[in-house]
Amino acid sequence: MKISVLTLFPEFINKIRDFSIVGRAIGEGKLDLETVDIRDFAINKYLQVDDYPYGGGPGMLMQIKPIVEAIESVKKNNSKVYYMSPQGEVLNQDKLKELRSEEHIILLSGHYEGIDNRVVENYVDEEISIGDYVLTGGELASMVIIDGVSRLLDGVLASDESFKEESHYNGLLEYPQYTRPKEFRGFEVPDILLSGDHEKIRKYRLRESIKNTLQKRPDLLENKILNDEEKDILKD
Ligand code: ADE
C-alpha cells in the first residue's frame, strides 16, 4: 500500500520512518511512504503558499494552487485524497480498516488557519479528524493514520492474534493483561489466568472485556451487536 503525505513539514513526517512497526513496514516494502513538500509548488520565488482570506478575518489560508499541484503530482486513478481537518468524520478503528484496503491514500495536512475551501469542494474525497480538538496542523493526524494503518497491513504484526484480541477489534475494550512476576508487593495476578483452563480463561476475559467497556466506554456498547454469550454476561 502507498501513502503520500502532502505537507509543509516533510521532515517531521519522515521521522516516523525511523521507529518501530511503521519503520519495519516500510523496510519490508509493505508500506510505501512518500512525502511531498507543498512549498515545491509555491506561487513565487519567495516560496509563498498562503494569503489573507477574502472577506477579511484573522490568520492566513493555504492557497489553492500549491495544494492542487501537489495533489496532481502524486494522484493516480486508484488514489483517494483525504484532508486532515477537525471538520472531518472522527477517526476510529473501522475507518483505519477501510483505509488499509485502499491502494493509495493521499493525506493532505493543512496549516495556518485552514485552506482555500475550493480544494475541499473539488479535490478532496473525504475529511478526517482525529478528535474534537484543534491542532496547529494536520501532520500529527497524518502520522496517526500512518501508524494505525501500518499495523493492519498483512504480515506487519507477528501474529494476527495481536489485533484479534485488542481494544476496538470487536467493538469492545480489551481485557486486562498481566505478566511475571505472579506477585509484586502483595499485588497478585488473578488466579484464573494461572489455572491453565483455556475455556475458563476465555470466558473470564470476555467478561472482563465487557466490564471494562461498560465502565470506561459505555457508548461503545450502544452501537455493538452482541452475540448470545455476550448478552448473557451483560445480564449478570
Ligand atoms: N488539523 C487540525 N486539527 C485537526 C484534528 N483534530 N484532526 C485532524 N486534523 C486536524
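Val90 stands opposite Ser129, a residue of strand E7. That pairing belongs to a predicted model, and it is a good place to enter the fold: strand E5 (residues 79-90) runs parallel to E7, with five bridges between them. From here we can walk through the sheet, the helices around it, the nonpolar cores and one strand residue, Glu127.

**The sheet**
- Five strands form an open sheet in the order E2-E1-E6-E5-E7, and their pairing is parallel.
- Strand E2 (32-37) and strand E7 (126-129) are the edges, each pairing on one side only.
- From one strand to the next, the twist averages 30°.
- As a reminder, strands of a sheet pair through backbone hydrogen bonds, either parallel or antiparallel.
- E5 also pairs with E6 in the parallel sense, here over six bridges.
- Two neighbouring residues of the chain show both partnerships nicely: Tyr82 has Leu107 in E6 as its bridge partner, while Tyr83 stands opposite Glu127 in E7.

**Helices against the sheet**
- Helix H4 (residues 93-100) joins E5 and E6 in a right-handed β-α-β unit.
- Helix H6 (residues 139-150) lies across strand E1 (2-7), E2, E5, strand E6 (104-109) and E7, and runs at about 155° to E6.
- Helix H3 (residues 64-74) has Pro66, Ile67, Val68, Ala70, Ile71 and Val74 as its buried residues.
- The cover over those buried H3 residues includes E1, E2, strand E4 (61-62), E5, E6 and helix H5 (117-123).

**Nonpolar cores**
- In soluble globular proteins, nonpolar side chains tend to be buried together.
- The largest nonpolar core here has 27 residues, and Ile3, Leu31, Leu99, Leu107, Ile145 and Ile146 have the most contacts inside it.
- At least two residues of this core come from each of E1, helix H2 (20-27), E5, H4, E6 and H6.
- H6 is the biggest giver to this core, with five residues.
- Apart from this core lies another, of 21 residues, among them Leu6, Val68, Ile106 and Leu108.
- Ile145 is worth a look on screen: leaving aside neighbours within four places in sequence, Ile145 is in contact with Met84, Leu91, Leu96, Leu99, Ile105, Leu107 and Ile128.

**Glu127 on the edge strand**
- Glu127 has its place in strand E7, one of the two edge strands.
- Because its relative accessibility is 23%, and buried would require under 20%, Glu127 counts as partly exposed.
- Not counting residues up to four places away in sequence, Glu127 touches Tyr83, Ser85, Gln87, Gly88, Glu89 and Val120.
- Tyr83 in that list is also the residue that stands opposite Glu127.
- Glu127 and Leu107 are 20 residues apart in sequence, and their C-alpha atoms are 9.5 Å apart in space.

**The chain as a whole**
- The chain is divided into domain 1 (2-150) and domain 2 (165-235).
- Between the C-alpha centres of domain 1 and domain 2 there are 37 Å.

Terms used
Residues numbered from 1 in each chain as written. Predicted model: local features only at pLDDT ≥ 70, side-chain atom pairs only at ≥ 80, totals over all residues. Heavy atoms only, no water. Domains from an automatic or database assignment. Pairing = 2+ DSSP bridges. Helix = DSSP H or I, 4+ residues; strand = E, 2+ residues; numbered from the N terminus. Axes fitted to C-alpha atoms, helices over the stretch in contact; angles between N-to-C directions. Contact = heavy atoms within 4.5 Å. Right-handed = clockwise from strand over helix to strand, strands pointing away. Core = buried A, V, L, I, M, F, W, Y, C linked by side-chain atoms within 4.5 Å. Buried < 20%, exposed > 50% of the residue type's maximum accessible area, 1.4 Å probe, protein only.
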